[in-house]
Amino acid sequence: MVCFRQSLALAALSLTHAAFALPALTDLSSRAQSSTQLCGDYANIILSNTPWIVYNMLYNADQIDGTQCTNYDGVTASVNGTKEVLWSSVTNIDYVESTNNVPKGYSFVGLTQNLETKLSAIESIPAAYSWMRTNTTDFKGNICFDFMTNDIKGDSTSSSSHELMLWLQYEGGQLPIGWTNGPAATVYNLFGASWTLYEDVNTDTGITVSTLMPTKQFEGSFSGDLKDWLLAMANLGRFTESTYVNVGNAGTEFFYGNAVMNATLGLQIDLA
């Protein structure tokens, strides 16, 4: 299922089970960037002097019985000196039979720099994602990366866009778009794992969604160059290296449950 444009239009980040257009961003970057709780339907904070925005995207807020907040906790440095963002996702959504299979939203850190760039012009996309989720009830959701490409620069909303998801961990029975079609391909030796590809068109958006699911889930940490993922998809013929990388982010999807996910993320696009 599912997980900004350089101008920060961030137009319509397309999740695989929902269609929506983002309203104007609430740019909180002018305030002192102390820890911030984001609980509004599209609450966000653009982090100054970083390549990130932290976003609480509740695209199915009208179907939430409970609350969901995304918290910005600060920026730190990794052992090798690169910046990382500390953030958390706090989900308190009641299980409701009629909506238990409906994703309520996406809590994430998105890129704001070096997007709308051809894949061939990207040197690397280093990523380091660590997380710990504590559940006090049954929880349904995932941990993922979500990127969007298109042969048209900046286009992330038309049916010519391609949504790429890399699921790291998932629970509660969440399934990707295309699951009923069966596997479309297998990718070997990517980030030390084998992956099964599922894909189909999101009927809400008309956008093709390609989701890689690991044969063995990642347990709390991931690191790697995400350009290798995009190149693997190009090698499968889903697009060419002349496509534009228009959207990139990392986050967690949620359906229901009481859970707290604390995370640290380093993610950036380095140009050739």
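This short presentation describes the cores, a run of paired strands and one helix in the structure above.

Good morning. The structure is a predicted model, in which local features need pLDDT of at least 70 and side-chain atom pairs count only at pLDDT 80 or more, while totals for chains, interfaces and linings use all residues. Residues are numbered from 1 along each chain as its sequence is written, and side-chain values use heavy atoms, with hydrogens and water left out.

I begin with the interior. A nonpolar core here is a set of buried Ala, Val, Leu, Ile, Met, Phe, Trp, Tyr and Cys residues joined through side-chain atoms within 4.5 Å. Buried denotes under 20% relative accessible area, exposed over 50%, and partly exposed the range in between, with a 1.4 Å probe and protein chains only. The largest nonpolar core has 48 residues, and the members that touch the most others are Tyr129, Phe145, Leu226 and Trp229. Which residues does Leu226 touch, leaving aside those up to four places away in sequence? They are Ile125, Ala127, Phe145, Phe147, Leu166, Phe191 and Leu267, where contact means heavy atoms within 4.5 Å. A second, separate core of 14 residues includes Ile46, Met57, Tyr106 and Tyr198.

I turn next to the strands. Helices (H or I, at least four residues) and strands (E, at least two) are DSSP runs, numbered from the N terminus; two strands pair if DSSP finds at least two bridges between them. Strand β13, residues 193-201, runs antiparallel to β12, with 4 bridges joining the two. Ala185 has Leu197 of β13 as its bridge partner. The β12 and β13 hairpin has 2 residues between the strands, and Phe191 adopts a positive phi near 55°. On to β14, residues 208-214: 7 bridges join this strand to β13, again in an antiparallel arrangement. Leu197 stands opposite Leu212 in β14. This second hairpin has 6 residues between its strands, and Gly206 in the turn shows a positive phi of about 80°.

Ahead of β12 lies a loop that follows β11 (162-171), and Thr180 is found there. Is Thr180 buried or exposed? Thr180 is exposed, with a relative accessible area of 75%. Its C-alpha is 8.9 Å from that of Tyr198, although the two residues are 18 apart in sequence.

Finally, the helix. In α1, residues 226-235, 7 of the 10 residues are buried, so the helix is largely enclosed by the rest of the structure. Among the buried residues are Leu226, Trp229 and Met233. At the start of α1, a side-chain oxygen of Asp225 comes to within 3.0 Å of the backbone nitrogen of Lys227. Gly237 follows α1 and has a positive phi, near 85°. Thank you.

Definitions and conventions. A polar contact is a pair of N or O atoms within 3.5 Å; within protein, one must be able to donate a hydrogen and the other to accept it, and residues adjacent in sequence count only if both atoms are side-chain atoms.
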